[in-house]
Amino acid sequence: MRLSRYYLPTLKEAPKDADVKSHALLVRGGFIRKIAAGIYDFMPLGVRVLKKIEAVIREELDRANAHEVLLPAVQPAELWEESGRYVQYGPELLRFQDRKGGHFCFGPTHEEVITDLVRRDVRSYRDLPVILYQIQVKFRDEIRPRFGIMRAREFSMKDAYSFDVDDSGAHASYEAMHAAYCRIFTRCGFRFKVVEADTGAIGGSRSHEFQVLAESGEDSILTCRKCGYTANDEKAEIPPPDTLVATDCPACEPPRERVHTPNQRTVEEVTDFLGISPKQLIKTLLYVADEKLVAFLIRGDHDLNEPKAKAMLGASLLEMADEATVRRATGAPVGFAGPVGLEVPCYADWALQERGPMVTGANEEDYHHRGVVLGRDFEVREFADLRIAATGDTCPRCGTRAAYDAHRGIEVGHIFFLGTKYSETMHCTFLDENGAEQPAVMGCYGIGVSRILAAAVEQSHDEDGIIWPMPLAPFQVNVVPLNMDDAEVREVAEQLYSTLLAAGVETLLDDRPERPGAKFKDSALVGIPFQVVIGRRGLKNGVVELSRRGDQARRDLPVAEAAAEIIEQVRAAFDDHRLPPDWVYDPSA
C-alpha cells in the first residue's frame, strides 16, 4: 500500500477527553475517530487490526469445533420478556419501537436470540452438542462511556454459545472454550491472567474473565502468593478471621455515648472529627433487595461488594436505597444511619466479628454513637464475606492464609456456565435416550474484539507511539525512502516494496513528499513492527537500514540481500506467536 494513496490522517495532538494512552494513540494514529459519546468510526488502519483479531479468533474457535452464524442486531422485545431480562437488564438495554409500534432492542448480547434459534431446530440428544458463534456489533448504553473504545457504547464482540445434553458435556464445552481463549490471547501477544469472576447480568453458576495486565486497567485482580488462586476483586474470597478479638463481657464495656457531629457524614469527615481510625467505624449501608429493605454493616476502611451481598441474600435485584427510603427507615438523612435501634435486618462483614467498641451513625441528623458494642447494643442476622478484597487480605483456598497481590487488568474475554437458566425459561428442550424432554445445558462466551485493539496498545506502547505485536499489526513492514525525488532512492524503494508484496509481506511504502522527521514520527506513532529506511547516504555504501519497533538497535543490510532478510525476519516474528496443536496454557508461566 502506498501511503500517498492511503487514507491515514495522523494528528499531532491527542483529543482533550483522552484519559488513557490507547485512546490518545489510536486517535492520533488514524485508527479511530469519535462520532458521539462512546461511539467511534473505525478508519482503514483500525479495520485492518480488527480483521487480524477476528482471523485469530475464527481459527481457534473453528479448531474448537464451533460454527459461525450471524444473528440480527435488532431483537424483538418478546424474546427478552420471555427470558425475564427485558426489565432486569436495566437502562443499558437500548429499547425502541418501529413504525408499527412493535417493541425492539439493540442487542447488547444474544442469549435470547441464539436460544430461540436452537430451540426451533434441535429435537433430539443426537443433535447435541453444538457451539455457535458470531462476530458482530453490540450496543450497551453505558452511563459513563470512557477510555475511548475500551469502554464504548457501540463495540465489536465475538459471542459464542454452547448447548449440551447434561452438565458433564456442558463443562467439557466450557473447558474447550477456556482453552481456545487461552490460545487466542497468547497468539495476540498478551500478558494475561485468567480469573474467577461474578456472573453479573448474564447469569449462571460459574464464570472466568481473561484479563490483559496493564496499569491503566479498570479491573483489580487479586492473586494468592502461594497457590495462585486468582479472581477479580468482585469475586475474590475472604475467609473469616482465625481469631476473634471479642470482649468476654459486652455488658462490661463502657456505655454507649451519643456524640454531636454537625455536618459530618462521610467516613473521612467523621473519623477526622472524632480523631479515630476508619477501622473503628461501622458503615451502615441500606439496600433494597427484591423490594425488601436490608442493611449491610462494613468496617469504615472497607467497601461493600455488591455481587457478594446479592449472592449471600439470593436476591435477583439489589439496589442502594434512595434518600427518601433512608429517611423513612432511620429518621435521618443519608450519612447518619447506624444499627442501634434500626428495625431492618442487618448483615455484617466478617471483619466486624472482631468486635469491640465502635462508632456508628445514631439514626439522627448530626449525631453519631461512640462505644457501640455488638451483642449489647445491636445484633446481626448473619456474618458473611461482604467486602471487596484488597492487597494483604488472605486467601481461603490453599490453607496457608497467604496474602493476595494486586494487579490491574483490562477484561478482554468472559466465559459463563449458564446451566439451564435460559433453556428452561425459553423451553429450549430435546428428547433424551428414553424419549423424555430435557432442557439443554448452556454456556456463553464473549470476547471484546474492539477492546482487544485498545488493550494491545495499553500493554505495548512508548512515548513515541504504538508497538504492535506482529499478529495484530496493520502492516508488517514500513518502507521509508527519505527522498522520493532521488532516482536511486526511489528505484531501490520501489523494487523492495514490490518484492516484499510478491512474497506476501504486508508492506506500506511511505512515498509522500514529507521531510524525514515527519515520516519517522508517523512510523513510530502507527507502530508498524519493521521499518526499512532508504537514503542517499546508505545507498552510497550499498545498504539500507532495518529496525524493529520498540528496539533501539539498527542493522545495515546490503541492498541485494535486504528483501530476503526482511522476509525471514517477518516470518520469524510470526513464528514467535505460533502455537503447536497440543499447546496448553500454563498460568504460572
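Colleague: Which strand is the place of Phe96?

Modeller: Strand E5, which covers residues 94-97. Bear in mind that this is a predicted model.

Colleague: What makes Phe96 partly exposed?

Modeller: Its relative accessible area is 30%. Buried needs under 20% and exposed needs over 50%, so Phe96 at 30% falls in between and counts as partly exposed. Phe96 also helps Val74 and Leu94 make a nonpolar surface patch of about 200 Å².

Colleague: How are the strands around there ordered, and what is the pairing?

Modeller: There are three strands in an open sheet, in the order E4-E6-E5, with antiparallel pairing. Neighbouring strands in this sheet are turned by 35 degrees against each other on average, ignoring direction.

Colleague: Why do E4 and E5 stand at the edges?

Modeller: Because each has a single partner strand, which leaves one side of E4 (74-76) and one side of E5 without a neighbour in the sheet.

Colleague: How do you know that E4 and E6 pair?

Modeller: Count the bridges: three join E4 to E6 (residues 103-106), and the two strands run antiparallel. Pairing takes at least two bridges, so three are enough. Val74 stands opposite Phe106 in E6.

Colleague: On to helix H2. Why is Glu54 called buried?

Modeller: Its relative accessibility is 9%, and buried means under 20%, so Glu54 qualifies. Glu54 sits in H2, residues 44-63. Leaving aside residues up to four places away in sequence, Glu54 touches Ile135, Ser156 and Val449.

Colleague: What makes Lys52 and Glu506 a salt bridge?

Modeller: Their side chains meet at 2.7 Å, N to O. The cut-off is within 4 Å, so the pair counts. The structure holds 42 salt bridges.

Colleague: Which parts does the pair of Lys52 and Glu506 tie together?

Modeller: Lys52 lies in helix H2, while Glu506 is in the loop between helix H12 (487-502) and E28, so the pair ties together parts that are 454 residues apart in sequence.

Colleague: Are Lys52 and Glu506 buried or partly exposed?

Modeller: One of each. Lys52 has a relative accessible area of 16% and is buried, whereas Glu506 is at 24% and counts as partly exposed. The line between the two classes is 20%.

Colleague: What about Glu60 and Arg63: how are they separated in H2?

Modeller: They are three residues apart in the helix, which means about one helical turn. Their side chains meet in a salt bridge at 3.0 Å, N to O. Glu60 is buried at 1% relative accessibility, while Arg63 is partly exposed at 48%. Salt bridges with shared partners join Glu59, Glu60, Arg63, Arg183 and Arg187 into one network.

Colleague: Now the sheet with E28 in it. In what order do its strands come?

Modeller: Five strands form that open sheet, in the order E28-E27-E29-E30-E31, and the pairing is mixed. E28 (507-509) and E31 (554-558) have a single partner strand each, so they stand at the edges. The average turn between neighbouring strands here is 25 degrees, direction ignored.

Colleague: How do you know that E29 and E30 pair?

Modeller: Four bridges join E29 (residues 530-534) to E30 (residues 543-548), running antiparallel. With at least two bridges needed, that settles it, so they pair. Val533 stands opposite Glu545 in E30.

Colleague: Which helix lies across E27, E29, E30 and E31?

Modeller: H15, residues 559-575, running at about 130 degrees to E31.

Methods
Residues numbered from 1 in each chain as written. Predicted model: local features only at pLDDT ≥ 70, side-chain atom pairs only at ≥ 80, totals over all residues. Heavy atoms only, no water. Patch = residues over 30% accessible without salt bridge, like charges linked within 9 Å, V, L, I, M, F, W, Y side chains within 5 Å. Areas by Shrake-Rupley, 256 points an atom, 1.4 Å probe, with all protein chains shown as cover. Buried < 20%, exposed > 50% of the residue type's maximum accessible area, 1.4 Å probe, protein only. Axes fitted to C-alpha atoms, helices over the stretch in contact; angles between N-to-C directions. Contact = heavy atoms within 4.5 Å.
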